[in-house]
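The following exercises are meant for a reader who meets this structure for the first time. Each one sets a task and then works through a solution step by step.

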Amino acid sequence: MRFRKIHGAGNDFVLLSDLEPDDDKDWPKEAERLCARRTGVGADGLVISHLVSDSPAVLEITCFNADGSIATMCGNALRCSAWAAHHDRGFQRMSLHMAGVVHEAVVADDSVWVTAEVGAILPRLLQTVINGRPTWFDSAHTGTEHVVAIVNDVDAIDAVMVGRLVRHHPDLAPLGTNVNFVQSAGSQALKIRTYERGVEAETLSCGSGAVAAVIVATMRGLVARRAVTVHNRAGEPLTVRPHDDRPNRTQWVGGPVTNTFEGVLV
């Protein structure tokens, strides 16, 4: 079984494409095994891509987090899947189906773009104390649960400790949430750190988190409702911009994709 190790702006995955019908495994357990950093390939998630149609180009994408849970939305997994479909089949525009939601995808020269659907936005959902300061978290659903705190300096925060506490906050039970810390980084720019549910760690980049950050930062007046650069821990920024046809409920998120290496699973 051939695989790709691929990452979208630092968010890395084991990607399997066009599996044979008899390749039926316990995929949650396989995700845990393959994503293990010391004993497996090492990744934030396992992504399985199935070709549904090539005219028009339609793919079904399933993403398992490193702990074996299913991701209802993963922007970088979608972007990596689109890159692979472009590389293997020449698709430039395609529809990607993940957890029952249809996402548009476009592969450009130096970036891959996918759409994220924006759901409920809840200001001041919960409060906690970070470095001695009371801090509010706003909630923005971008295909999966996210909370966002606007802070003065993301680098001064213990993102793992605080992220884990907020992710398991009783007010957010039973699903929990992804946790984002965001600061202004100049005109139409943000800096972000994200603790991801399912990975249960800080990741170098999060596509749906970048969208949530922009939604909340726009609501808070930090940025205007146009393209925003979101700087992540990987040093490979993502760009978030409104969809031309559905600017109030759909955002594009785009950035680089890197095919790190390929191999065979035994």
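A disulfide is a pair of cysteine sulfur atoms within 2.5 Å. The model shown is a predicted one, and every exercise below refers to it.

**Exercise 1. Cysteine pairs**

Task: Determine how many disulfides a search of the whole structure finds, and explain why the sulfur of C63 has no bond to the closest cysteine sulfur.

Solution.
Step 1. The search covers the whole structure and returns 0 disulfides.
Step 2. For C63, the closest cysteine sulfur belongs to C74, at a distance of 4.4 Å.
Step 3. Seen from the other side, C74 has its closest cysteine sulfur in C63, again at 4.4 Å.
Step 4. A disulfide requires the two sulfur atoms to be within 2.5 Å; the sulfurs of C63 and C74 are therefore too far apart for a bond.

**Exercise 2. Burial of the two cysteines**

Task: Decide whether C63 is buried or exposed, and do likewise for C74.

Solution.
Step 1. The cut-off for a buried residue is under 20% relative accessible area.
Step 2. C63 has a relative accessibility of 2%, so C63 is buried.
Step 3. C74 has a relative accessibility of 8%, so C74 is buried as well.
Step 4. To place C74 along the chain, look to the loop that lies between strand 4 (57–65) and helix 2 (75–89).

**Exercise 3. The annotated active site and the cavity**

Task: State which residues UniProt lists for "active site", and find which residues line the largest cavity.

Solution.
Step 1. An unreviewed UniProt entry lists C74 and C206 under "active site".
Step 2. These residues are spread over 133 residues of sequence, yet they cluster in space, with a largest C-alpha distance of 7.7 Å.
Step 3. From this set, C206 belongs to the lining of the largest cavity.
Step 4. The search of the whole structure finds 1 cavity of 30 Å³ or more, and the volume of the largest cavity is about 30 Å³.
Step 5. Its lining consists of I192, T194, S205, C206, A210, V230, N232 and L238.
Step 6. By residue class, this lining holds 5 nonpolar and 3 polar residues, and no charged ones.

**Exercise 4. The largest pocket and the annotated binding site**

Task: Describe the largest pocket by its volume and its lining, then identify which of the "binding site" residues the lining includes.

Solution.
Step 1. The largest pocket encloses about 260 Å³ of space.
Step 2. Its lining is made of 22 residues, and those that lie nearest its centre are N65, A71, T144, N178 and R197.
Step 3. Sorted by class, the lining of the largest pocket has 5 nonpolar, 11 polar and 6 charged residues.
Step 4. In the unreviewed UniProt entry, "binding site" is placed at N11, N65, G75, N76, N178, E196, R197, G207 and S208.
Step 5. Of these, N11, N65, G75, N178, E196, R197, G207 and S208 are found in the lining of the largest pocket.
Step 6. N11 sits in strand 2 (residues 11–17). With a relative accessible area of 2%, N11 is buried.

**Exercise 5. Strands 2, 3 and 4**

Task: Work out how strand 2 runs relative to strand 3, parallel or antiparallel, and then how strand 3 runs relative to strand 4.

Solution.
Step 1. Strand 2 and strand 3 (residues 45–54) are parallel and are joined by 5 bridges.
Step 2. One of the pairs to locate is L15 with its bridge partner V47 in strand 3.
Step 3. Strand 3 and strand 4 are antiparallel, with 9 bridges between them.
Step 4. Here H50 is opposite E60 of strand 4.
Step 5. The connection from strand 3 to strand 4 is a hairpin through 2 residues.

**Exercise 6. Strands 5, 6 and 7**

Task: Trace the pairing of strand 5 with strand 6 and of strand 6 with strand 7.

Solution.
Step 1. Strand 5 (residues 93–98) runs antiparallel to strand 6 (residues 101–107), and 6 bridges join them.
Step 2. H97 has V102 of strand 6 as its bridge partner.
Step 3. The hairpin of strand 5 and strand 6 has 2 residues between the strands, and A99 in this hairpin takes a positive phi near 50 degrees.
Step 4. Strand 6 also pairs with strand 7 (residues 112–117), in the antiparallel sense and over 3 bridges.
Step 5. In this pairing, V106 is opposite W113 of strand 7.
Step 6. The hairpin formed by strand 6 and strand 7 has 4 residues between them.

Terms used
Residues numbered from 1 in each chain as written. Predicted model: local features only at pLDDT ≥ 70, side-chain atom pairs only at ≥ 80, totals over all residues. Heavy atoms only, no water. 1 Å grid on protein atoms, 1.4 Å probe; cavity = no way out; pocket = protein on both sides within 12 Å on 5 of 7 lines; lining within 4 Å. Points joined across faces, edges and corners; volume = space filled by probe spheres on them. Nonpolar A, V, L, I, M, F, W, Y, C, P; charged D, E, K, R; others polar. Buried < 20%, exposed > 50% of the residue type's maximum accessible area, 1.4 Å probe, protein only. Pairing = 2+ DSSP bridges. UniProt positions renumbered as here; feature names shortened; annotations may be inferred.
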